[in-house]
Amino acid sequence: MVTLLAAPAEPLTNADDTQLVLAALLGIAAVVLLIAWGKVHPFLALILGAAVLGVVAAVPVDKIVTSFSGGVGSTVGGVGLLIALGAMIGGLLAESGGADGIVERVVGRVSGTALPWAMAGVAALIGLPLFFEVGVVLLVPIVLLVSLRVNVPLMKIGIPALAGLSVLHGLVPPHPGPLVAIDALGANLGQTLALGLLVAIPTVIIAGPVFGNFIARYVPATAPAELLPTRRDAAVDRSPTRPGDGRLDADGDLVTEDDLVNPGTGRPGAAIEEPAGRRSRRSPALWAAVVTVLLPVVLMLLRAIGELTLGEDTAARKALDIVGTPIIALLAGVIFAMIFLGYRSGFSRTQVSGFLGGSLPPIAGILLIVAAGGGFKQVLVDAGVGDLVANAADGANLSPLLLGWLVAVGIRVATGSATVATITAAGIVAPLADTLAGPEVALLALAIGCGSLFFSHVNDAGFWLVKEYFGLTVGQTIKSWSVMETIISVVGFLGVLLLDVFI
């Protein structure tokens with residue numbers, strides 16, 4: 001995940017190992033039961049699950065609240081802003097017709113059986129410099145619209161897209177997990193990047209198109225109607241209506257008080273200030289839609305290249321560090337879309353503002369659920385569950401590759417954080433890296449990265465992100481997303497072991 005929720009210097013409780021294990025199990029069980037059986041909203045279920053975890057672990061109530069709030073704040077600050085900006089880009093792509101243009105080109109050039117492979121390839125390419133969450137919010141509108149347009153099961157193309165993003169997130173720098181492992185182990189970045197790509201290709205194929213084709217028969221997911229990137233239908237009645245009712249503006253677009261607040265008056269339901277007459281409209285050029293999607297990718301990739309090739313004190317490096325920051329890169333994408341998909345396509349300033357504002361309400365629930373997932377994760381980390389797993393594996397007599405993978409698996413399952421799992425596992429096996437040759441150290445970093453992706457479930461904010469964006473139940477998310485992550489972890493680790501034989 002994007003946000004690194006670091007464990008405190010000292011755990012918040014003096015509970016013994018058995019009590020911590022019981023607390024983690026009961027906290028996770030509470031979340032699952034409240035959602036699946038009690039039909040409680042996931043946001044509330046995660047709050048209550050964190051409370052159960054903290055109470056059973058004997059964490060003082062005030063520290064439970066502080067820990068949970070800190071996790072929520074960190075997650076919203078890191079992930080929430082990215083989701084909101086990505087949603088704005090998606091909204092402008094949809095309302096301007098830019099997303100339609102991309103979909104028509106993809107559908108026209110790629111046959112139905114090749115679509116899953118195309119989605120996996122596009123996701124892997126875009127996911128090279130992108131954080132997982134950014135890739136999801138940029139690709140989901142395309143995935144949903146392709147599924148709708150060609151009547152392909154959502155999971156059949158959604159899983160390959162998620163697999164391409166997830167594999168690159170866990171195995172290939174410049175993502176934070178691989179970079180942390182490379183630094184802690186003293187691995188060669190170039191070797192890790194090259195070997196990571198070798199492992200990533202077959203892993204994406206198996207966990208993406210192959211598994212997606214299989215699971216689509218058992219998870220009949222339907223794209224959430226409120227998230228479908230389709231343009232709002234225009235009504236036919238042009239008669240005046242009372243404030244707040246659906247009506248058409250001068251350009252023929254349906255406007256309601258829920259879509260936007262009149263920038264001129266600031267009052268919901270007030271008349272929209274549009275110039276008289278019909279504005280000239282045209283569909284945006286395909287290049288504009290493609291650049292809108294790729295601009296954040298390119299900016300972040302340039303930053304990654306700068307980190308590898310430029311000195312820290314150079315002006316170019318400082319400039320790339322700024323423009324390649326995920327929030328800045330996505331903001332640049334929003335501004336580009338406003339100009340080339342909005343104003344240059346004939347939409348007025350008021351309409352563009354309405355498109356941006358209208359893209360935010362559908363993701364409000366997603367933001368809260370993802371934030372609560374971050375809070376639940378932070379309570380797990382602060383209670384010392386991650387340290388418990390690390391300490392249990394510290395004295396094990398295992399090969400470095402297997403030990404690194406197992407420790408990362410344990411901490412990933414316990415805390416839900418791939419980055420925390422990577423940092424802890426790398427720290428444990430770091431002394432062993434001194435006894436390995438250069439390529440083997442790179443493989444050790446990759447083994448840890450594979451373990452950090454194992455079985456994402458309810459304590460992972462990414463679990464809730466996927467669940468809400470694809471309109472899945474908890475059970476469907478486990479069958480699809482959680483199993484896909486496990487396949488990535490196992491297949492990737494087998495690939496690492498296979499490379500170890502020949503290196």
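The following paragraphs describe the overall make-up of a predicted model and then some of its local features.

The protein has 503 residues, of which 53% count as buried. Its secondary structure consists of 20 helices and 2 strands. Sequence-distant contacts feature strongly here: among contacts with a separation of 6 or more, 79% are between residues 24 or more positions apart. Turning to the outside, the protein exposes about 20400 Å², and 65% of this area is supplied by carbon and sulfur atoms.

Helix H10 is a good place to begin on the surface. This helix covers residues 286-309 and includes Ile 305. Ile 305 belongs to a nonpolar surface patch whose other members are Val 290, Leu 294, Val 298, Leu 301 and Leu 302. Together, the six side chains named for this patch account for about 420 Å² of accessible area. Ile 305 itself has a relative accessible area of 41%, so this residue is classed as partly exposed.

Aromatic pairing offers another view of the fold. A search of the whole structure returns 9 aromatic pairs. One of them joins Trp 287 and Phe 336 in an edge-to-face arrangement, with ring centres 6.3 Å apart and 70 degrees between the planes. Trp 287 sits in helix H10 and Phe 336 in helix H12 (residues 326-342), so this pair ties together parts that are 49 residues apart in sequence. The two partners fall into separate burial classes: Trp 287 is partly exposed at a relative accessible area of 49%, whereas Phe 336 is buried at 14%.

A stacked pair is formed by Trp 405 and Phe 493, with 4.8 Å from centre to centre and 15 degrees between the planes. Because Trp 405 lies in helix H16 (residues 400-415) and Phe 493 in helix H20 (residues 474-502), the pair ties together parts that are 88 residues apart in sequence. Both Trp 405 and Phe 493 are buried. Elsewhere, Phe 211, Phe 214 and Tyr 218 are linked into a cluster by ring pairs.

Helix H19 deserves a closer look. This helix, residues 461-469, is mostly covered, with 8 of its 9 residues buried. The buried residues include the aromatic Phe 463, Trp 464 and Tyr 469, and Lys 467 is also on the list. Ala 461, Gly 462, Leu 465 and Val 466 complete the buried residues of H19. At the start of the helix, a side-chain oxygen of Asp 460 comes to within 3.0 Å of the backbone nitrogen of Gly 462. Just after H19, Gly 471 adopts a positive phi of about 65 degrees.

Ala 461, which lies in H19, has a relative accessibility of 3% and so counts as buried. Its C-alpha is 8.4 Å from that of Thr 75, although the two residues are 386 residues apart in sequence.

The loop between helix H18 (438-451) and H19 contains Phe 455. The phi of Phe 455 is near 40 degrees, a positive value in a residue other than glycine. With a relative accessible area of 28%, Phe 455 is partly exposed. Ser 452 is found in the loop between H18 and H19 as well. Ser 452 is buried, with a relative accessible area of 2%. The side chain of Ser 452 reaches the backbone oxygen of Gly 449 at a distance of 2.6 Å. Once neighbours within four places in sequence are set aside, the contacts of Ser 452 are with Ala 408, Arg 412, Ala 418, Ala 421 and Thr 422.

Another positive phi occurs at Asn 151, where the angle is about 60 degrees although the residue is not a glycine. Asn 151 is placed in the loop between helix H6 (132-150) and helix H7 (154-171). Its relative accessibility is 68%, and since exposed means over 50%, Asn 151 counts as exposed.

Notes. Residues are numbered from 1 along each chain as its sequence is written. This is a predicted model: local features need pLDDT of at least 70, side-chain atom pairs count only at pLDDT 80 or more; totals for chains, interfaces and linings use all residues. Side-chain values use heavy atoms; hydrogens and water are left out. Patches are made of residues with over 30% relative accessible area and no salt bridge: like charges are joined within 9 Å, nonpolar side chains (Val, Leu, Ile, Met, Phe, Trp, Tyr) within 5 Å. Accessible areas come from the Shrake-Rupley method with a 1.4 Å probe; for residues, only the protein chains shown count as cover. A salt bridge is a side-chain nitrogen of Lys or Arg within 4 Å of a carboxyl oxygen of Asp or Glu. Helices (H or I, at least four residues) and strands (E, at least two) are DSSP runs, numbered from the N terminus. Buried means under 20% relative accessible area, exposed over 50%, partly exposed in between (1.4 Å probe, protein chains only). Contact means heavy atoms within 4.5 Å. Rings of Phe, Tyr and Trp (its six-membered ring) pair if their centres lie within 6.5 Å; planes under 30 degrees apart count as stacked, over 60 as edge-to-face and the rest as tilted. A polar contact is a pair of N or O atoms within 3.5 Å; within protein, one must be able to donate a hydrogen and the other to accept it, and residues adjacent in sequence count only if both atoms are side-chain atoms.
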